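Open the model in your viewer and keep the sequence panel visible. The tour below goes from one selection to the next and says what is found at each stop.

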Amino acid sequence: MEEYHVFPKYDVKLRLPKEVYFPSDDSFLMLDNIELPSNSKIVMEIGGGSGIISIYLAKKHPEVNFIVTDISYQATETILLNHRLNNLCNPFDIICTNKLQSFHKVSPDVIIWNPPYLPSDATSDTLPAFEKNMFIGGRKGSEEAYDLIAKISESNISTVFYTIFSSLGWNKILVSQLENESCKAEIVKETKLFFEELYLVRIIIGDKNVK
Ligand SMILES: C[S@@+](CC[C@H](N)C(=O)[O-])C[C@H]1O[C@@H](n2cnc3c(N)ncnc32)[C@H](O)[C@@H]1O
């Protein structure tokens, strides 16, 4: 059963079943701070959930094509529904897949993932799969984000990658370790919540220049 929600600050309407991630502080950190480099043509969002991030960016950038994925089929159905509900004119490809698994020769200018980032604990294995996919990023919490960074680099994609880390599963001094001769990383914005800090991290991979 879906519920209808309006997010006036972002001019986005969403229908949301309970099995799909309800936009939260991490989603808002991305919505408030992600900037697309000028002349971006293709934006890929991994784990789109409700679709709120891509829908908002698509409204702001009607000339940009979007590829929005999620590992959850129900999330991809929800993204399709919400794409229609918000009357977008951008080309919007919605794909149910695990990270970059279904892609061979894509070259998105920007890749975005608000990943599951909490460390697992003794109760994690009892969670339903959809909840684990929303919240649990691995034993430390940051493994899922690191795995995608490795996959982007292995695919030789030159892009700007935005992701989120939590102080519960990552230490911000680690940002410099994300850098190497072909990667530049920085914390774009951090926000303090009741029980954790969230970091929005931007990694420029390959020869992408942010203008
Ligand atoms: C924290 S939620 C973020 C949802 C939405 N982007 C937002 O910010 O409101 C993480 C999303 O990633 C999806 N996800 C988890 N593992 C994934 C994977 N390996 N590949 C693609 N999507 C994944 C989950 O199903 C979930 O929708």
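Select strand 9 (159-166) and strand 11 (197-205). In this predicted model, the two strands are antiparallel and are joined by eight bridges. Two pairs can be picked out along them: Phe-165 has Tyr-199 of strand 11 as its bridge partner, and Thr-159 stands opposite Ile-205 of strand 11. Helix 1 packs on the sheet here, in touch with strand 6, strand 9, strand 10 and strand 11. The direction of helix 1 makes about 45 degrees with that of strand 11.

Stay on strand 9 and colour by burial. Of its eight residues, seven are buried, so strand 9 is mostly covered. Now add strand 6 (110-113). Strand 6 and strand 9 run parallel, with four bridges between them. Trp-113 has Thr-163 in strand 9 as its bridge partner.

Next, show the whole sheet. It is an open sheet of seven strands in the order 5-4-3-6-9-11-10, and the pairing is mixed. Strand 5 (92-96) and strand 10 are at the edges with a single partner strand each, so each has one side without a neighbour in the sheet. From one strand to the next, the twist averages 15 degrees.

Move to strand 3 (residues 42-46) and strand 4, which pair in the parallel sense over four bridges. Ile-42 stands opposite Asn-65 in strand 4. Strand 4 is mostly covered, with five of its six residues buried. Keep strand 4 (65-70) and strand 5 selected and add helix 3 (residues 73-85), which lies across both strands. Helix 3 runs at about 165 degrees to strand 5.

Go back to helix 1 (residues 25-33) and select its buried residues: Asp-26, Ser-27, Leu-29 and Met-30. Why are these residues on the same side of helix 1? They cover an arc of only 160 degrees around the axis, which puts them on that one side. An α-helix has 3.6 residues a turn, so residues three or four places apart point the same way. What covers the buried residues of helix 1 includes helix 2 (52-60), along with strand 6, strand 9, strand 10 (183-192) and strand 11.

Now select the largest nonpolar core, which has 45 residues. Which residues have the most contacts inside it? They are Ile-111, Ile-112, Phe-161 and Ile-164. Centre the view on Ile-111. Leaving aside neighbours within four places in sequence, Ile-111 is in contact with Met-44, Ile-46, Ile-152, Thr-159 and Phe-161. In soluble globular proteins, nonpolar side chains tend to be buried together.

For the next stop, select Phe-130, which lies in helix 4 (residues 129-135). Is Phe-130 buried, partly exposed or exposed? Phe-130 counts as partly exposed because it has 18 C-beta neighbours inside 10 Å, and 20 or more would be needed for a residue to be buried. Not counting residues up to four places away in sequence, Phe-130 touches Glu-19 and Ser-72. Draw a distance from Phe-130 to Glu-19: the two are 111 residues apart in sequence, but 6.4 Å apart in space from C-alpha to C-alpha.

Two loop residues come next. Asp-11 is in the loop between strand 1 (3-7) and strand 2 (12-16). Its phi is positive, about 55 degrees, although Asp-11 is not a glycine. Asp-11 counts as exposed because it has 12 C-beta neighbours inside 10 Å. Then go to Asn-87, in the loop between helix 3 and strand 5. Phi of Asn-87 is also positive, near 50 degrees, in a residue other than glycine. With 8 other C-beta atoms within 10 Å, Asn-87 is exposed. Most residues other than glycine have a negative phi.

Finally, zoom out to the protein chain, which has five helices and 11 strands. Its radius of gyration is 16 Å, close to the 17 Å that the globule rule gives for 211 residues, so the chain is as compact as a globular protein of that length. The C-alpha trace spans about 45 × 45 × 30 Å along its principal axes. Buried residues make up 36% of the 211 residues. Among contacts between residues at least 6 apart in sequence, 66% join residues at least 24 apart.

How values were computed: Residues are numbered from 1 along each chain as its sequence is written. This is a predicted model: local features need pLDDT of at least 70, side-chain atom pairs count only at pLDDT 80 or more; totals for chains, interfaces and linings use all residues. The arc is that of the directions from the helix axis to the C-beta atoms. Two residues are in contact if their C-beta atoms, placed from the backbone, lie within 7 Å. A nonpolar core is a set of buried Ala, Val, Leu, Ile, Met, Phe, Trp, Tyr and Cys residues joined through C-beta atoms within 7 Å. Two strands pair if DSSP finds at least two bridges between them. Axes are lines fitted to C-alpha atoms, for helices over the stretch in contact, and angles run from 0 to 180 degrees between N-to-C directions. The radius of gyration is taken over C-alpha atoms; the globule rule is 2.2 Å times the number of residues to the power 0.38.
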